[in-house]
Amino acid sequence: MKKLIALFFALALAVSAASCESMTIDEFCYYYGYGHIEVTKSGAPAMSIIYLAEDHTCYYLTEMFNKEAPVFGRAYVGTWELMADGSIFAQVGENATRTLKPSVMNTLVDVETLEVFSSFDALMR
C-alpha cells in the first residue's frame, strides 16, 4: 500500500511538473514580477527584479549593497522579445541583455549565469 501511495504522489508530481514545463511566457508573465537575490560572503545582498509587460516593455532594476549602504544600482526601461526556442531576450541596460528561459514553478532562469528569478504577484490596478 505504501508503494502504491508513493507511486501516486510521484505521478502527481511528474504531471504537475510537465504541465508547468509546457507553459509559455505569454500565458503567465504579465501577472508576475521576477526577482533574484544573492547574499554575499559579507552578508550583504545583491538583488535584481524584472517585469515583462504585455506591450514588450522590460522594466529592470538591480541593487548591490555592502554592510553600510548601497554600493551600486541602476534601473532601466528596455524591451523584450520571445525567441523561437521559447526563451526571452530582454534589454536590461544600454549595453546589457539577459536571455531568460521559462522553467518550472513559474521561474525564469538566466541561461548565461543560471540565476533563478522567482515569480511574485504583480498587483494589477
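**View 1. The β2-β3 hairpin of the predicted model.** Four residues lie between strands β2 and β3 in this hairpin. H56 adopts a positive phi there, near 70°. The two strands pair in the antiparallel sense, with seven bridges between them. Strand β3 covers residues 57-65. One bridge partnership links A46 to M64 in β3.

**View 2. Strand β2 and its two faces.** This strand spans residues 45-52. Its side chains alternate along the strand. A46, S48, I50 and L52 point to one face and are buried. P45, M47, I49 and Y51 point to the other face and are not buried. M47 counts as partly exposed because its relative accessibility is 31%, between the limits of 20% for buried and 50% for exposed. A46, on the buried face, is the residue that has M64 of β3 as its bridge partner.

**View 3. The β1-β2 hairpin.** Five residues separate the strands in this hairpin. Among the residues of the hairpin, G43 takes a positive phi near 95°. Strands β1 and β2 run antiparallel and are joined by six bridges. I37 stands opposite M47 of β2.

**View 4. A nonpolar surface patch.** I37, V39 and M47 make up the patch. Together they offer about 280 Å² of accessible area. Two of its members, I37 and M47, also face each other across the β1-β2 pairing. M47 belongs to strand β2.

**View 5. Where β1 meets β8.** Strand β1 holds residues 32-39, and strand β8 holds residues 116-121. The two run antiparallel and share four bridges. Y34 is placed opposite S119 in β8. The sheet as a whole is a closed barrel of eight strands, in the order β1-β2-β3-β4-β5-β6-β7-β8, with antiparallel pairing. On average, neighbouring strands of this sheet are turned by 30° against each other, direction ignored.

**View 6. S87 in the β4-β5 loop.** The loop lies between β4 (70-82) and β5 (88-93). S87 counts as buried because its relative accessibility is 4%, against a limit of under 20%. Its side chain makes a polar contact with the side chain of D85, at 2.6 Å.

**View 7. The whole chain.** The chain contains two helices and eight strands. Along the sequence, the pattern reads α-α-β-β-β-β-β-β-β-β. The chain has 125 residues, of which 30% count as buried.

How values were computed: Residues are numbered from 1 along each chain as its sequence is written. This is a predicted model: local features need pLDDT of at least 70, side-chain atom pairs count only at pLDDT 80 or more; totals for chains, interfaces and linings use all residues. Side-chain values use heavy atoms; hydrogens and water are left out. Two strands pair if DSSP finds at least two bridges between them. Axes are lines fitted to C-alpha atoms, for helices over the stretch in contact, and angles run from 0 to 180 degrees between N-to-C directions. Patches are made of residues with over 30% relative accessible area and no salt bridge: like charges are joined within 9 Å, nonpolar side chains (Val, Leu, Ile, Met, Phe, Trp, Tyr) within 5 Å. Accessible areas come from the Shrake-Rupley method with a 1.4 Å probe; for residues, only the protein chains shown count as cover. A salt bridge is a side-chain nitrogen of Lys or Arg within 4 Å of a carboxyl oxygen of Asp or Glu. Buried means under 20% relative accessible area, exposed over 50%, partly exposed in between (1.4 Å probe, protein chains only). A polar contact is a pair of N or O atoms within 3.5 Å; within protein, one must be able to donate a hydrogen and the other to accept it, and residues adjacent in sequence count only if both atoms are side-chain atoms.
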